[in-house]
Amino acid sequence: MKNLKLDKEEKALLESVEKGEWVSIKNKNREISKYIEMAKSSFKKDRRINLRMSSKDVIALQTKALEEGIPYQTLMSSVLHKFVTGRLIEKKI
């Protein structure tokens, strides 16, 4: 492994493994199932809302969604989800 060209992140991971900081999971399948269920429940769309918006904003959303190749409701849901989870990043123009 001496001749491997590793980037900074890969080197840090390799060092971590070599220090014994990684531990095997005892029941891998149960853990995987648990996280799959958590992911499914966090993305379940089980509530409908009505929202009044200006026509101009709806058209802009539909245009953006068309550019992204997704339905505009999906785009709106994604943006709102990122906002409430603190993952929406403001892009400076």
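## A walk around the pocket and its helices

Sort the lining of the largest pocket by class and you get 10 nonpolar, seven polar and seven charged residues. Keep in mind as we go that this is a predicted model. That pocket holds about 820 Å³ of space. Its lining takes in 24 residues, and those that lie nearest the centre are Lys45, Arg47, Gln73, Met76 and Ser77. As for where the lining comes from, helices H3 and H4 each give at least two residues to it. The largest share is from H4, with 10 residues.

Let's step back to the whole chain before going further into those helices. There are four helices here and zero strands, so the pattern along the sequence simply reads α-α-α-α. The radius of gyration is 21 Å, whereas the globule rule gives 12 Å for 93 residues; the value is well over the rule, so the protein is more spread out than a compact globule. You can get a feel for this from the box that the C-alpha atoms fill, roughly 60 × 40 × 25 Å along the principal axes. Just how much of the chain is buried? Buried residues make up 6% of the 93. The accessible surface, for its part, comes to about 9,700 Å², and 56% of that belongs to carbon and sulfur atoms.

Now back to the helices that line the pocket. H3 covers residues 55-68. With 14 residues at 1.5 Å a residue, H3 should span 20 Å, and its end C-alpha atoms are indeed 20 Å apart, which agrees. After H3 comes Gly69, with a positive phi near 75°.

H4 runs over residues 72-84. From its first C-alpha to its last, this 13-residue helix reaches 18 Å, close to the 18 Å expected at 1.5 Å a residue. H4 is followed by a glycine as well, Gly86, whose phi is positive and near 75°.

Two residues of H4 are worth a stop. Ser77 lies in this helix, and you have already met it among the residues nearest the centre of the largest pocket. Is Ser77 buried or exposed, or something in between? Its relative accessible area is 32%, so Ser77 is partly exposed; the class runs from 20% to 50%. Ser77 sits 41 Å from Lys5, C-alpha to C-alpha, with their positions 72 residues apart in sequence. Val84 also has its place in H4. Its relative accessibility is 65%, so Val84 counts as exposed, the cut-off being over 50%. Compare its position with that of Asn29: the two are 55 residues apart in sequence and 31 Å apart in space, C-alpha to C-alpha.

For a last stop, look at the loop between H2, residues 28-42, and H3, where you'll find Leu51. Leu51 has a relative accessibility of 51%, so it counts as exposed. And how far apart are Leu51 and Lys8 in space? Their C-alpha atoms are 46 Å apart, for 43 residues apart in sequence.

Notes
Residues are numbered from 1 along each chain as its sequence is written. This is a predicted model: local features need pLDDT of at least 70, side-chain atom pairs count only at pLDDT 80 or more; totals for chains, interfaces and linings use all residues. Side-chain values use heavy atoms; hydrogens and water are left out. Buried means under 20% relative accessible area, exposed over 50%, partly exposed in between (1.4 Å probe, protein chains only). On a 1 Å grid over the protein atoms alone, a cavity is a set of points where a 1.4 Å probe fits but cannot get out, and a pocket is an open set with protein on both sides within 12 Å along at least five of seven lines; lining residues have an atom within 4 Å of a point. Grid points are joined across faces, edges and corners, and a volume is the space filled by probe spheres set on the points. Ala, Val, Leu, Ile, Met, Phe, Trp, Tyr, Cys and Pro count as nonpolar, Asp, Glu, Lys and Arg as charged, and the others, Gly among them, as polar. The expected span of a helix is 1.5 Å times one less than its number of residues. The radius of gyration is taken over C-alpha atoms; the globule rule is 2.2 Å times the number of residues to the power 0.38. Accessible areas come from the Shrake-Rupley method with a 1.4 Å probe; for residues, only the protein chains shown count as cover.
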